[in-house]
Amino acid sequence: MPLYLSRFSYTPETWARLIGHPEDRAKAAQAYIESVGGKLHGFWYAFGAHDGYNLWEAPDNVSMAAVALAISGGGALDSFETTVLLTVDDTIDALRRAERVQYRAPGV
């Protein structure tokens, strides 16, 4: 199954709610991804441009998109970005296939 890295930031209101009622949001994230047949591999909070990161496994892009849309539509986040991760083997396969692409730079 494909892996996905999500970066998220809470709204100030969400942080205020969590300060008043701390909870383990990793459990919620796990339930969301499991509802589409996936798995949560990690949930971390961070300093910097994003408040946290998730590593997910999902059956396909549509399943991960469903989770991302549901979370984004919930109103607790200021931002939510997801990147599809490629294995080394997938990247090597892509590199081999790229050789067959007849790319031409603009204006050349």
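In this predicted model, R97 and D93 form a salt bridge, with their closest N and O atoms 3.1 Å apart. Both residues belong to helix α4, which spans residues 88–98. They sit four residues apart, about one turn of the helix. As for contact with the surroundings, R97 is partly exposed at a relative accessible area of 49%, and D93 is also partly exposed, at 33%. It helps to recall that side chains of opposite charge can pair when their charged atoms come close.

A second pair brings together E81 and R7, whose closest N and O atoms lie 3.2 Å from each other. Here the salt bridge links distant parts of the chain. E81 is found in strand β4 (residues 77–85) and R7 in strand β1 (residues 3–10), with their positions 74 residues apart in the numbering. Is each partner of this pair buried or partly exposed? R7 counts as buried because its relative accessible area is 16%, under the 20% cut-off. E81, with a relative accessible area of 35%, is partly exposed.

The remaining pair to describe is that of E23 and R25, a salt bridge in which the closest N and O atoms are 3.0 Å apart. E23 is partly exposed, its relative accessibility being 47%. R25 is likewise partly exposed, with a relative accessible area of 25%.

Taken together, the count for the model comes to three salt bridges. One of them joins residues within helix α4, while another connects strand β4 with strand β1.

Methods
Residues are numbered from 1 along each chain as its sequence is written. This is a predicted model: local features need pLDDT of at least 70, side-chain atom pairs count only at pLDDT 80 or more; totals for chains, interfaces and linings use all residues. Side-chain values use heavy atoms; hydrogens and water are left out. A salt bridge is a side-chain nitrogen of Lys or Arg within 4 Å of a carboxyl oxygen of Asp or Glu. Helices (H or I, at least four residues) and strands (E, at least two) are DSSP runs, numbered from the N terminus. Buried means under 20% relative accessible area, exposed over 50%, partly exposed in between (1.4 Å probe, protein chains only).
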